[in-house]
Amino acid sequence: MAQFRTLDELGDVHSKVALVRVDLNLPMADGRATDLTRARAVAPTILELADAGAKVLLLAHFGRPKGERHSTMSTSYLQGAVEEVLGRKLMYISEVSGPVVEQALTIFRPGDIGLLENTRFWPGEEKNDPEFARAIAAHGDFYVNDAFSASHRAHASTEGLAHLLPAYAGRAMQAELEALDKALGNPEKPVAAVVGGAKVSTKLAVLEHLVARVDHLIIGGGMANTFLAARGVAVGKSLCEHELTAKVEEIMEAADRAACTVHLPYDVVIATEFAPNPPSLRTCNVHEVASEEMILDVGPQATEALADVLKTCRTLIWNGPLGAFETPPFDVATVALARTAAALTREGSLVSVAGGGDTVAALNHAGVAQEFSYVSTAGGAFLEWMEGRELPGVAALLRS
Ligand code: ADP
Ligand code: MG
């Protein structure tokens, strides 16, 4: 695995100022955070540094203020939620650099934690302006990046700072990188990938990267329809990107060359209208879909066959649900396969790593998110990583 520094390599941090990039972009409603998952993820790093006597300054973005101050996107709105998660008081600091930060630090004691203002209030953040980064770096003795989910962007607080100060991966970043390495960097073979979700067009790069790296590529969701159509199957009114037929054929050929088995559903769950438990609901062979019907889930026989595939594998990487899982009963295949993966993980025969906004929701719906080896909530960064792209914020942490 590529080497990056972790907190284990920090010497004595007592009284030193740690600049810590975290993801605190919490979902809000009526000025209150509705989900504290992101704050909980970075709490171990913050507390570890504070308990070691560092003076901790938190850097975070919040919303999309596009380089200007917006009072509604101040990190001061996050203060209460973060204090609740940490069980500590924070000092909100209305700038990210300059005399205000300087002043605040004069009254900081070892172990104190400060929450700096939204980094994206300044245009230098998203431009990765070296001047802006230098102004922030001037306050710190070292830099910690614990925001994997923001590290696909080369911004001053995610990338620039790593070149100006001794830079370390925080605990959440470390856990994410280690899990991703186990799933795709250096996985135990055989490896299965489940790629589902709505559209092939949003995941072409993922598919192209995976075919050469996994032994089994399981295609589900709306994407499977495009693959089936490319094979000459009539998919009726199903969500399908007919214009991608040639692209899909290329992917199938690349899979052949790489000895990767592509699994498409051979039975499907269909209906004429997309609604909960519609009267037109039926299960059939993929060759029996009528022109007014649409495929909304993988069928029971194919789901069982996929479970058997997972039983032969040591590693699973999963992005995208197998069906329109938000609407019953089109969640059945996703829930069943997720439970199989969870059971195999529990038995110790499978390393299971999953990510993607809707995928996380689907695994929660199946009640098994906790049982997977690792579930990434990183969204865009997770997908870019699945595409095999180098994430600038991660690359900047690597030892040269
Ligand atoms: P993720 O957010 O995990 O990357 P996507 O956003 O790619 O996943 O896809 C999730 C969406 O795909 C869900 O909203 C789901 O309803 C939809 N979907 C899955 N299968 C189908 C299908 N057969 N037809 C239409 N939509 C589908
Ligand atoms: Mg999605």
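**Exercise 1. In this predicted model, determine which residue stands opposite Ala-271 in β14, and describe how the strands concerned are paired.**

Solution. Ala-271 stands opposite Met-294, a residue of β14. A further pair of this kind is found when Ile-270 is considered, since its bridge partner in β14 is Ile-295. Turning from residues to strands, β12, which covers residues 267–271, pairs with β14 in the antiparallel sense, and four bridges join the two. In general terms, the strands of a sheet are held in register through backbone hydrogen bonds, either parallel or antiparallel.

**Exercise 2. Work out the strand order of the open sheet that contains β14, and say which strands form its edges.**

Solution. The sheet is open and has three strands, arranged in the order β13-β12-β14 with antiparallel pairing. Reading this order from its ends, one finds β13 (282–285) and β14 as the edge strands, each of which pairs on one side only. As for the geometry, neighbouring strands of this sheet are turned against each other by 45° on average, when direction is ignored. It remains to ask how far β14 is covered, and here five of its five residues are buried, where buried stands for a relative accessible area under 20%.

**Exercise 3. Describe the shell around ligand 1, stating how many residues it holds, which elements supply them and how they divide by character.**

Solution. Begin with the count: 18 residues surround ligand 1, and the closest are Lys-203, Gly-323, Glu-326, Asp-358 and Thr-359. Next, consider the elements, among which α8 (221–230), β14 (294–298) and α12 (357–366) each supply at least two residues of the shell. The largest share, three residues, comes from α12. Finally, sorting the shell by character gives six nonpolar, nine polar and three charged residues.

**Exercise 4. Identify polar contacts made by oxygen atoms of ligand 1 with Ala-198, Lys-203 and Asp-358, and state how much of the ligand the protein buries.**

Solution. Take the side chains to start with: an oxygen atom of ligand 1 lies 2.7 Å from an N or O atom in the side chain of Lys-203, and for the side chain of Asp-358 the corresponding distance from a ligand oxygen atom to an N or O atom is 2.9 Å. The backbone takes part as well, with a polar backbone atom of Ala-198 at 3.1 Å from an oxygen atom of ligand 1. Taken alone, ligand 1 exposes 580 Å², of which the protein buries 82%.

Definitions and conventions: Residues numbered from 1 in each chain as written. Chains lettered and ligands numbered in written order. Predicted model: local features only at pLDDT ≥ 70, side-chain atom pairs only at ≥ 80, totals over all residues. Heavy atoms only, no water. Near = heavy atom within 4 Å. Polar contact = N/O pair within 3.5 Å; in protein donor to acceptor, adjacent residues only side chain to side chain. Areas by Shrake-Rupley, 256 points an atom, 1.4 Å probe, with all protein chains shown as cover. Nonpolar A, V, L, I, M, F, W, Y, C, P; charged D, E, K, R; others polar. Pairing = 2+ DSSP bridges. Axes fitted to C-alpha atoms, helices over the stretch in contact; angles between N-to-C directions. Buried < 20%, exposed > 50% of the residue type's maximum accessible area, 1.4 Å probe, protein only.
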